[in-house]
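Here are my notes on the model you sent over. I've kept them as numbered points so you can follow along with the structure open.

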Amino acid sequence: MKKCLRRISFLAMPVLGFFLAATPAQAQDEVGEFIRSGKEDANKLVRAYIEPASKAFGHGLNGGWFNSGKAMKLGRFDVRVFATAAFAPDEDKSFDLSKLGLTTVRDANGRKFDPNTPVLTPTIFGADEEGPELTLYAKGRRTVGGQVIEFEEEVGSINAPQGTGYSFLPVPMAQVSLGLIKDTEIAVRYSPKVKQDDFEGQLWGVGVKHGIKQWIPVISMIPGFDITVFGGYTKLKSSYAGIDVPLSEEDRPYATAQQREASYYAGQALTLNTKAWTASLVASKTFSVITGYAGIRYSNVETDLNVEGRYPVIAYRTTAPFNKYVEDITDPVLLNMKDTQWGVTGGLRLKLAFFSLYGEYTLAKYPTATAGIGLGFN
């Protein structure tokens with residue numbers, strides 16, 4: 001079983017890559033471009049661009065926990081392999097640059113964004129095309145006629161990142177479920193630490209399902225009908241060490257000898273930690289080998305996305321001689337992203353001896369669709 005879970009976790013590594021950016025190369029370019037705008041604006045831009053994926057990924061982790069409204073009997077078990085796809089709503093496929101309160105980022109003509117004039121650009125789920133051109137400014141000081149005056153100067157330009165062209169995020173998973181006493185079932189998800197290229201990840205989760213039909217006399221008299229409550233928690237820790245944002249050639253004249261060394265900006269990385277928990281009330285009815293189930297689901301997700309390491313940014317010194325230099329920004333992006341939603345879930349399971357097939361759909365703001373297979377004595 002441990003080998004099975006390990007193999008499934010290898011399948012999940014490309015998903016983590018997709019979450020951090022569409023491709024590793026795109027992740028490097030976009031993070032580097034964002035950070036050039038400085039820590040404050042970089043956090044705003046990264047959040048707006050990638051937050052829809054954090055929601056989809058977390059709600060996807062909360063899917064696939066059950067395939068009926070009945071807890072397995074004592075000693076019975078099954079092993080499931082499944083994938084959940086979470087879909088982004090249309091309103092989260094783009095974001096408005098003018099609403100972010102950017103301070104160092106301007107439009108292509110160097111003008112500050114007007115909150116009353118929308119400037120839309122793709123999120124990670126948006127169209128596979130670049131966003132508008134942006135110019136980057138830095139504040140500086142100079143001495144004129146014995147007086148120190150402040151000014152702003154353009155120090156570069158970037159394009160807002162393109163989307164991936166995909167509106168969904170797949171989440172593969174493996175799970176073991178075991179029946180306990182008192183119409184109770186426990187489910188476990190676990191992946192040991194897995195490394196693949198520049199990705200590293202580890203996942204675990206636990207869920208409990210309990211039949212409440214036994215406590216409601218009227219419902220307990222209905223044959224083939226079951227109702228349960230379920231609660232589950234999943235935690236994922238991962239990192240991507242493939243980020244490479246070196247000192248650019250145009251900035252080298254303003255850097256120190258140490259900053260020009262090839263290894264000075266080594267150790268750059270993205271880390272992603274997601275916690276997802278869910279609660280459901282599920283009812284099901286069995287007809288021969290077919291079980292239909294439906295219920296309501298609450299999903300809560302929290303993701304910490306951090307960009308770690310040292311990164312070069314052009315700035316002006318605040319004391320004489322007020323010259324331009326390369327400033328090192330350490331751990332420039334630290335984001336905590338949360339989301340909750342309620343949904344209505346419905347699904348079907350086909351059970352043949354020790355083998356079962358199942359699929360379900362949850363209608364919510366971030367809807368999810370799940371398909372899987374199970375093997376076991378349940």
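1. A quick word on terms before the strands come up: two strands pair if DSSP finds at least two bridges between them. Also keep in mind that this is a predicted model. With that in place, look at β1 (residues 77-87) and β7 (residues 168-180), which pair in the antiparallel sense over eleven bridges. If you want a spot to check by eye, Val79 sits opposite Val176 in β7.

2. β1 has another partner as well: it pairs with β17 (residues 368-377), again in the antiparallel sense, over ten bridges. Here you can look at Phe82, whose bridge partner in β17 is Gly372. When you trace side chains along these strands, remember that in a regular strand they alternate between the two faces of the sheet.

3. Stepping back to the whole chain, there are four helices and 17 strands. The C-alpha trace spans about 95 × 45 × 30 Å along its principal axes. Of the 378 residues, 50% count as buried. Take the contacts between residues at least 6 apart in sequence, and 71% of them join residues at least 24 apart.

4. On the surface and charges: the accessible surface comes to about 17600 Å², and carbon and sulfur atoms account for 58% of that. The chain carries 41 positive and 40 negative side chains, with the centres of the two sets 12 Å apart.

5. Among the helices, have a look at α3, residues 39-61. It bends by about 50° at Ile50, and a proline, Pro52, follows within four residues. Is α3 mostly enclosed or mostly open? Buried means under 20% relative accessible area, and 19 of the 23 residues of α3 are buried, so the helix is largely enclosed by the rest of the structure.

6. There is an open sheet of three strands in the order β3-β5-β6, with antiparallel pairing. Its edges are β3 (105-106) and β6 (147-159); each has a single partner strand, so one side of each is left without a neighbour in the sheet. Inside this sheet, β5 (residues 133-144) and β6 pair over twelve bridges in the antiparallel sense. One of the pairs to look for is Arg141, with Glu150 in β6 as its bridge partner.

7. How many residues lie between β5 and β6 in their hairpin? There are two, and Gly145 in the turn has a positive phi of about 60°.

8. Just ahead of β5 is Pro132, in the loop between β4 (120-122) and β5. Its relative accessibility is 25%, so Pro132 counts as partly exposed. Leaving out residues up to four places away in sequence, Pro132 touches Leu97, Val119, Leu120, Thr121, Ile158, Asn159 and Ala160. For a sense of distance, Pro132 and Tyr358 are 44 Å apart, C-alpha to C-alpha, and 226 residues apart in sequence.

9. Tyr358 turns up again as one of the contacts of Leu348. Leu348 is found in β15 (residues 333-352), and at 54% relative accessibility it counts as exposed. Apart from neighbours within four places in sequence, Leu348 is in contact with Ile290, Thr291, Gly292, Tyr293, Leu357, Tyr358 and Gly359. Gly205 is 143 residues from Leu348 along the chain, and their C-alpha atoms are separated by 24 Å.

10. The loop between β13 (310-316) and β14 (324-330) deserves a look at the backbone; Pro321 lies there. A cis peptide bond joins Ala320 and Pro321, with omega at about 15°. Phe322 lies in this loop between β13 and β14 too, and it has a positive phi of about 55° although it is not a glycine. Is Phe322 buried or exposed? Its relative accessible area is 11%, so Phe322 is buried.

11. Lys182 is another non-glycine residue with a positive phi, about 60° in this case. Lys182 lies in the loop between β7 and β8 (184-196). Its relative accessibility is 57%, so Lys182 counts as exposed, whereas Phe322 is buried.

Conventions
Residues numbered from 1 in each chain as written. Predicted model: local features only at pLDDT ≥ 70, side-chain atom pairs only at ≥ 80, totals over all residues. Heavy atoms only, no water. Buried < 20%, exposed > 50% of the residue type's maximum accessible area, 1.4 Å probe, protein only. Contact = heavy atoms within 4.5 Å. Areas by Shrake-Rupley, 256 points an atom, 1.4 Å probe, with all protein chains shown as cover. Lys, Arg positive; Asp, Glu negative; His and termini not counted. Charge placed at Lys NZ, Arg CZ, Asp CG, Glu CD. Bend = angle between axes of the 7 residues up to and from the residue.
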